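I sat down with this model to look up its sheets and one patch on its surface. My notes follow in the order in which I checked things.

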Amino acid sequence: MASVKLEHIIEKMKLENLTPELDISKIKITQPDINRPALQVAGYFEHFEATRLQIIGFVEYTYMESLPRERQEEIYTKILSCDIPAFVFCRELKPNELFTKIAIEHNVPILMTKKATSAFMAEIIRWLNVKLAPCISVHGVLVDIFGEGVLITGESGIGKSEAALELIKRGHRLVTDDAVEIRKVSDDTLVGSAPDITKHFIELRGIGIVDVKMLFGVSSVRDTQTIDLVIRLEDWDKEKEYDRLGLEEEYTEYLGNKVACHNIPIRPGRNLAVICESAAINHRQKKMGYNAAQELYRRVQESLLRKRDEDDE
């Protein structure tokens, strides 16, 4: 099961740890959902999702502060005795001494953020959704071309990395070479990233490993990119028929999500970088409502109708 260390969340979200005496090195978050324990503070514990991050906003905080001390002790003990990964207080709100004392007794970390509750919730849920999304690793190269995430696949040695290098020289950005980690963020979105070990590196046969970030600058790389199009490179087969119009879109599937796919035959003299650029722009045009193949088909149909009308006359 995918998980994220609490220490990583604290670093990423710039949270302040109000209980530094507690050991948080082994605490992990395993689901992207969070919980605002308003009902639990009021005494209702049915269906309490204790394993989620618990977020305290202004409403919960003021209600907790309004409770008599005996009631506070009762509620805090009941809540904090659950297996809770951490409490996060928003808007720089700080828990009172009683809450802190009971939290330390039950080894529940207390964190604090300056952000408003809604803004923090939206940010942490979005980030956790990416980190904890279902993930697979595929062999290929992921490049950002004019804002479109293009995953280039094909057999080893067919020229994927060389095409990526030419694209980088033409001003596009490398996400990852050789291994692409694909995460299913939603039913419509796949996000690709590089393994930490190979991030920003590219392998060129005959030369070796090249650090793209050092050679071409920080503008030539990016950490993550949605996967909008797949280009599958294959050796030219004169016996095989290739799509020359593109009237029907082909798709491939990753983690249950369909992605538009083009099979590109490779022959000496074909400029792969230009082909990839053209495919990315064409895909973007289709998303904006213009399909060149359908436009050609429409013109042909109109020409045939005109010719038929002329013959009838």
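**Notebook: sheets and a surface patch**

I began with strand β12 (residues 179-184) and strand β13 (residues 190-193), which pair in the antiparallel sense over four bridges. I looked up one position in this pairing and found Arg183 opposite Val191 in β13. I note here that the model is a predicted one.

Next I asked which strands make up the sheet around this pair, and in what order. I read an open sheet of four strands, β8-β12-β13-β16, with antiparallel pairing. Its edge strands are β8 (135-139) and β16 (224-226), each of which pairs on one side only. For the twist I have 30° on average between neighbouring strands of this sheet, direction ignored.

I then turned to the other sheet on my list. It is open and has six strands in the order β11-β9-β10-β17-β19-β18, and its pairing is mixed. I put down β11 (173-176) and β18 (251-254) as the edge strands, since each pairs on one side only. Neighbouring strands here are turned by 35° against each other on average, direction ignored.

I went through some of the pairings in the six-stranded sheet.

- Strand β9 (residues 141-145) and β10 are antiparallel, with five bridges; I found Gly149 in β10 as the bridge partner of Asp144.
- Strand β10 (residues 148-154) and β17 run parallel and are joined by five bridges; Gly154 stands opposite Leu233 in β17.
- β17 and strand β19 (residues 257-266) also run parallel, joined by seven bridges; I found Arg232 opposite Asn263 in β19.

I looked for what packs on this sheet and noted helix α7 (residues 160-169), which touches β9, β10, β11 and β17. The direction of α7 makes about 25° with that of β9.

Is strand β17 mostly covered or mostly open? I counted five of the seven residues in β17 (residues 229-235) as buried, so I wrote it down as mostly covered, taking buried as under 20% relative accessible area.

Last, I checked the surface. Leu296, Val300 and Leu304 form a nonpolar patch there, with about 250 Å² of accessible area together. I placed Leu304 in helix α10 (residues 292-312). Why does Leu304 qualify for a patch? Its relative accessible area is 46%, which makes it partly exposed, and patch residues need over 30%.

Technical notes. Residues numbered from 1 in each chain as written. Predicted model: local features only at pLDDT ≥ 70, side-chain atom pairs only at ≥ 80, totals over all residues. Heavy atoms only, no water. Patch = residues over 30% accessible without salt bridge, like charges linked within 9 Å, V, L, I, M, F, W, Y side chains within 5 Å. Areas by Shrake-Rupley, 256 points an atom, 1.4 Å probe, with all protein chains shown as cover. Salt bridge = Lys/Arg side-chain N within 4 Å of Asp/Glu carboxyl O. Helix = DSSP H or I, 4+ residues; strand = E, 2+ residues; numbered from the N terminus. Buried < 20%, exposed > 50% of the residue type's maximum accessible area, 1.4 Å probe, protein only. Pairing = 2+ DSSP bridges. Axes fitted to C-alpha atoms, helices over the stretch in contact; angles between N-to-C directions. Contact = heavy atoms within 4.5 Å.
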